[in-house]
Each structure stands twice: as C-alpha cells, then as structure tokens.
Amino acid sequence: MSMVSVAAEPYAFAFEPRNCALVIIDMQRDFVDPGGFGEALGNDVSLLRRAVPPTRRVLAAAREAGMLVIHTREGHRPDLSDLPPAKKARGRLKAGIGDPGPMGRILVRGEYGHDIIDELKPAEGEPIIDKPGKGAFFATDLDAMLKNRDIRQLIVCGVTTEVCVNTTVREANDRGYDCLVLEDCVASYFPEFQRIGIAMIKAQGGIFGWVGTSEALLESLSQTPTQIAAVA
C-alpha cells in the first residue's frame, strides 16, 4: 500500500498504513457514558460523547484498511497494589479510585465502568492496553508491542485531550513515534482545555505531533483502495 497523505497542521501528515497504528485512548464508560464516574464528578459528558461518532467512523476505516488498532483503559488491579497513595488521595473525593461508584468500583479492572463503551468495543484480536497511569506507555508493554510490529506512527483518538491524550502523545514523541491527533476524535470536559491541549501539540512546527480531522483522514484513506495485510 502506498503512502497516505492527510491534510493536517502544521503541515501534511504522511504515513504508511502498515507501519501506523490507530490508538483509541480511554473511551471507557466511567468517563464517557451518562451515569458514570465522570458525570458523578459534575462533568458534562456530552462534551466527550461528541468524539464518539467520528471515532467510530475512523475505527471502521482503520479496520477496513487492515491497520493495527490498539485500545487503552485507565484503571487499577482489584487489590489496588498498583495505585500510588498520592493518586488515590488527590482531589479529596468522597468517592475516588477503588471506591464503590455508579458503575462498580471506580477505575478498577473488571468493573462495568472500567470497560470500553459499546460503540467502540474492540474487535477480536485488537490489543487492549490496561494502564495504571495517564500515559499509555507508563508501566505497560505498548512500546514493545509497537516495535515488534514495526509501527512507527500513531493516529490518536480518545479522552481526555489535556490529560491522557496529551500525556500519551508526549511519551510517544520521546520514543520516536510520529503522532497525528484527530481534533474531532478527542475531547475534554472543559472547552478551554480542549483548545489549549490541541494547540500545544501542533505548536512550534509540531513540537509533539500533528493535528488533523477525521474527515481529512477518511478522505485520504478512501483514495487508497489497496488493503494491507491484516495484522496478526
């Protein structure tokens, strides 16, 4: 399959689909769905849900193209042995990580709220990275997984823009990966954080990566009809 060029800022993002992965960050019920942990904290989850339809279209296109798709979930072991006390205490929440919440124990692996929303469920064989921190590279095997598959570039969707998305993109940048963040496929509970989080990625000639849209990516992929070999 030939190189694909996507209109983006600060300039076009060119990638070889067989060497590029779609990474969907933390599209979990606790963060995105009404009635979850995020809403219980007083956040407007409709702001995050705006990213779901375009991400769903990008996910379908990536699968059609045979690209590697990776999903991440933030959460901790049921015994909380991987939860730093400082993270547990931060925010002084009445109900925080590990406590009973509206969708089970909050951000605990295996609980209903910890899992990925129905609209973006991983397909059979798509890796899921369970991460204890904000970044997808910290305390996970993501870097090894990407290198073993000769992945050099990432297309990034997910939530939230200023926290787990930005942290993952910065970690990826330090490890030599090029990242294209799709602006309409990432979201924040805070509109000003969304704007600033996006601006920081593409600043100074793309200091951390590129910013584009799902529409631009889908248009470019549609003009490249040859499907690459499916990723094992």
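Which residues lie nearest the centre of the largest pocket? In this predicted model, the residues in question are Phe31, Phe37, Leu41, Lys134 and Val163, and the lining of the largest pocket numbers 24 residues.

**The largest pocket**

The space in the largest pocket amounts to about 600 Å³. Three helices each supply at least two residues of its lining: helix 2 (37-40), helix 5 and helix 7 (161-174). Of the contributions to this lining, that of helix 7 is the most, at three residues. Sorted by class, the lining of the largest pocket holds 12 nonpolar residues, five polar residues and seven charged residues. Lys134, one of the residues nearest the centre of the pocket, also takes part in a salt bridge, the next subject of this report.

**Salt bridges**

Side chains of opposite charge can pair when their charged atoms come close. In this model the count of salt bridges is 16. Three of these pairs are set out below.

| Pair | Closest N and O atoms |
|---|---|
| Lys134 and Glu74 | 3.2 Å |
| Asp82 and Arg109 | 3.5 Å |
| Asp115 and Lys121 | 2.7 Å |

The side chains of Lys134 and Glu74 meet in one such bridge. Lys134 belongs to the loop between strand 7 (128-131) and helix 6 (142-148), whereas Glu74 belongs to strand 4 (residues 68-74), so this pair ties together parts that are 60 residues apart in sequence. The two partners also differ in their surroundings: Lys134 is partly exposed, with a relative accessible area of 36%, while Glu74 is buried, with a relative accessible area of 2%.

A second bridge joins Asp82 and Arg109. Asp82 is found in the loop between strand 4 and helix 5 (85-89), and Arg109 in the loop between strand 6 (104-105) and strand 7; the pair therefore ties together parts that are 27 residues apart in sequence. Arg109 is partly exposed, at 22% relative accessibility.

The third bridge links Asp115 with Lys121. Both partners have intermediate accessibility: Asp115 is partly exposed, with a relative accessible area of 22%, and Lys121 is partly exposed, with a relative accessible area of 30%. Through salt bridges that share partners, Asp115 and Lys121 are joined with Arg73 and Asp130 into one network.

**Summary**

Lys134 connects the two topics of this report. This residue is among those nearest the centre of the largest pocket, and its side chain forms a salt bridge with Glu74.

Notes
Residues are numbered from 1 along each chain as its sequence is written. This is a predicted model: local features need pLDDT of at least 70, side-chain atom pairs count only at pLDDT 80 or more; totals for chains, interfaces and linings use all residues. Side-chain values use heavy atoms; hydrogens and water are left out. A salt bridge is a side-chain nitrogen of Lys or Arg within 4 Å of a carboxyl oxygen of Asp or Glu. Helices (H or I, at least four residues) and strands (E, at least two) are DSSP runs, numbered from the N terminus. Buried means under 20% relative accessible area, exposed over 50%, partly exposed in between (1.4 Å probe, protein chains only). On a 1 Å grid over the protein atoms alone, a cavity is a set of points where a 1.4 Å probe fits but cannot get out, and a pocket is an open set with protein on both sides within 12 Å along at least five of seven lines; lining residues have an atom within 4 Å of a point. Grid points are joined across faces, edges and corners, and a volume is the space filled by probe spheres set on the points. Ala, Val, Leu, Ile, Met, Phe, Trp, Tyr, Cys and Pro count as nonpolar, Asp, Glu, Lys and Arg as charged, and the others, Gly among them, as polar.
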